[in-house]
Amino acid sequence: MKDTTDRTTTKPFVEVKKVHKAFGPQPVLRGLDMAVNPGETIVLMGASGCGKTTLLRCLNGLETPESGSILVNRTTLCNTGDTESQYFLQGDALHEFRASVGMVFQQFNLFPHLNVMDNIMLGPVKVLKTSKEEVQETTQKWLDRIGILNKASHFPDQLSGGEKQRVAIVRSLMMNPKLMLFDEPTSALDPQMTREVLDLIKEIAEQGMTLLIVTHHGRFAETIADRILLMDNGVIVEEGPPPQLLNTPQHPATQAFIQGLL
Ligand SMILES: Nc1ncnc2c1ncn2[C@@H]1O[C@H](COP(=O)(O)OP(=O)(O)OP(=O)(O)O)[C@@H](O)[C@H]1O
Ligand SMILES: [Mg+2]
């Protein structure tokens, strides 16, 4: 776990204030507040349907809230404030912002028609305009590190779930994201593959990147998280260091959730 003791003068890296997001008549985020410090590893937990994925999608600009403010690494995504001015990041600035946030999904989302190498290289070459030779070298280093250099020319359907997810994570990392969001990255994997993926996420956390991870793995959260946030019904109802939240949960929703953890 990283040292988070001296953060009194640090401005939050992610700041979410009073965010509301509905789908049609159904409110999902209901005035959510949250702050994440630079370099922190946050685990977000909560019952199915409470709005975790929606929150992550708002944080990387894939969904736009109706109201509230979201600031990520000095970029204001939206700010409806209490004045009449309503600000929403749009156009090229929004695209640029999205490229600076890595998102890893439950279902890997690799391009099925591209091999491992091309899946990883596409973003850095096309979006970041890094030279092909340079990207190739870094990609090979990464593939070696995750133990699948021999599968560089395989296509996604020739990989195991754990391999696919590790490729998806490396693909995200290659874009040099400032923030990484993981949405239940291991829920489609068996225990062995889960371990391999969680080890890789742990390695990334230890390098000091700011991470927000949705997971139901209590033991993993315990070893990796600086704080766990518990979400219920569209708001954060409780937060704290893992031992506190896992062993002495205060809110009824947290208590109910912790009982059902893996
Ligand atoms: N694009 C959408 N259109 C309509 N409703 C949506 C949409 N996305 C999410 N919802 C609804 O919003 C609510 C919250 O969904 P969300 O996916 O954020 O929950 P979650 O906490 O991630 O759940 P899970 O743990 O099952 O992944 C759900 O009731 C869902 O049906
Ligand atoms: Mg979800």
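V72 stands opposite T75 of β5 in this predicted model. Strand β4 (residues 67-72) and strand β5 (residues 75-79) run antiparallel and are joined by four bridges; strands here are DSSP E runs of at least two residues, helices are H or I runs of at least four, and both are numbered from the N terminus. The model is predicted, with local features needing pLDDT of at least 70 and side-chain atom pairs counting only at pLDDT 80 or more, while totals for chains, interfaces and linings use all residues. Residues are numbered from 1 along each chain as its sequence is written.

β4 and β5 belong to an open sheet of five strands in the order β2-β1-β4-β5-β6, with antiparallel pairing (two strands pair if DSSP finds at least two bridges between them). Its edge strands, each pairing on one side only, are tabulated below.

| Edge strand | Residues |
|---|---|
| β2 | 26-36 |
| β6 | 87-88 |

The axes of helix α3 (residues 116-126) and helix α4 (residues 132-145) come within 10 Å and cross at roughly 135°. Axes are lines fitted to C-alpha atoms over the stretch in contact, with angles from 0 to 180 degrees between N-to-C directions. α3 is therefore oblique to α4 (under 35 degrees counts as roughly parallel, over 145 as roughly antiparallel, 65 to 115 as roughly perpendicular and the rest as oblique). The contact, defined by C-beta atoms placed from the backbone and lying within 7 Å, involves V116, M117, I120, M121, P124 and V125 of α3 with K132, V135, Q136, T139 and L143 of α4.

H113 lies in the loop between β7 (101-104) and α3. H113 and T223 are 37 Å apart in space, C-alpha to C-alpha, and 110 residues apart in sequence.

Definitions and conventions
Chains lettered and ligands numbered in written order. Contact = placed C-beta atoms within 7 Å.
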